[in-house]
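Subject: Structure handover and notes

Dear colleague,

Here is the structure we discussed, handed over with the sequence so that you can follow the notes alongside it. Please read the notes below with the model open.

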Amino acid sequence: MRKLDFASLQVRDLDTSKDFYTNKLGFEISVSTPDACIFSYNQGEASFAIRKPMINLEGKELGVGASLWFAIDGSMEDLEKRLHLVEVKPLGAINTTPFGRTLIVKDPDGYNITFLQPN
């Protein structure tokens with residue numbers, strides 16, 4: 001294997017998740033169907049999908065142990081301020097890692113969305 005080509009998250013409520021990713025995080029919808037939505041950011045540099053469940057998720061916990069990482073341009077402090085303006089609360093403070101600085105939020109289904117300001 002040499003690279004991850006695409007990621008897709010199963011979500012409980014497609015409309016709620018669409019709203020979160022577009023209006024709160026700033027992703028753009030590149031393709032939308034009744035069952036799925038493909039997002040892009042910065043003209044397709046970051047691309048992934050959310051979709052209605054392919055299996056019965058009743059009673060199952062989503063998002064545990066999963067995290068999508070998105071590199072950002074600009075400062076982590078500016079991103080943190082923008083997230084607060086749209087009422088998205090980070091899971092904690094800005095962290096320094098070997099890869100750079102990170103800030104994590106949870107989506108409506110509990111998936112971690114990690115933003116990375118690379119070194």
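In what order do the four strands of the open sheet that includes strand 1 stand, and is their pairing mixed? They form the sheet in the order 1-4-3-2, and the pairing is mixed; strands here (E, at least two residues) and helices (H or I, at least four residues) are DSSP runs numbered from the N terminus, and two strands pair if DSSP finds at least two bridges between them.

Before going further, please note that this is a predicted model, in which local features need pLDDT of at least 70 and side-chain atom pairs count only at pLDDT 80 or more, while totals for chains, interfaces and linings use all residues. Residues are numbered from 1 along each chain as its sequence is written, and side-chain values use heavy atoms, with hydrogens and water left out.

The sheet with strand 1

Strand 1 (8-10) and strand 2 (28-32) stand at the edges of this sheet with a single partner strand each, so one side of each is left without a neighbour in the sheet. From one strand to the next the twist averages 25 degrees, where axes are lines fitted to C-alpha atoms, for helices over the stretch in contact, and angles run from 0 to 180 degrees between N-to-C directions. Helix 1 (residues 14-24) packs on the sheet and touches strand 1, strand 2, strand 3 (36-41) and strand 4, its direction making about 160 degrees with that of strand 4; contact means heavy atoms within 4.5 Å. Strand 1 and strand 4 run parallel and are joined by three bridges, and Leu-9 stands opposite Ile-50 in strand 4.

In the loop between strand 1 and helix 1 lies Asp-13, which is partly exposed, with a relative accessible area of 38%. The terms used here are buried for under 20% relative accessible area, exposed for over 50%, and partly exposed in between, with a 1.4 Å probe and protein chains only. Asp-13 and Lys-52 are 39 residues apart in sequence, and their C-alpha atoms are 7.3 Å apart in space.

The sheet with strand 8

Four strands also form an open sheet in the order 5-8-7-6, again with mixed pairing. Its edge strands are strand 5 and strand 6, each of which pairs on one side only, and the twist averages 35 degrees from one strand to the next. Helix 2 packs on this sheet, touching strand 7 and strand 8, and its direction makes about 15 degrees with that of strand 7.

Strand 8 (residues 112-118) is largely enclosed by the rest of the structure, because five of its seven residues are buried. It pairs with strand 5 in the parallel sense over five bridges, whereas seven bridges join it to strand 7 (residues 100-106) in an antiparallel arrangement. In the hairpin of strand 7 and strand 8, which has five residues between the strands, Gly-110 takes a positive phi near 90 degrees.

Ile-113 has its place in strand 8 and counts as buried, at 0% relative accessibility. Ile-113 is the bridge partner of Leu-68, and Val-105 also stands opposite Ile-113. Leaving aside neighbours within four places in sequence, the contacts of Ile-113 include Tyr-21, Leu-25, Phe-70 and Leu-103. The C-alpha atoms of Ile-113 and Phe-70 are separated by 7.6 Å, although these residues are 43 apart along the chain.

Elsewhere, Glu-87 is found in the loop between helix 2 and strand 6 (95-97); Glu-87 has a positive phi of about 60 degrees although it is not a glycine, and is exposed, with a relative accessible area of 70%.

Pockets

The largest pocket holds about 390 Å³ of space. Of the 16 residues that line the largest pocket, the closest to its centre are Tyr-41, Phe-70, Ala-71, Ile-72 and Asp-73. A pocket is an open set of points on a 1 Å grid over the protein atoms alone, where a 1.4 Å probe fits, with protein on both sides within 12 Å along at least five of seven lines, and lining residues have an atom within 4 Å of a point; a volume is the space filled by probe spheres set on the points, which are joined across faces, edges and corners.

With best wishes
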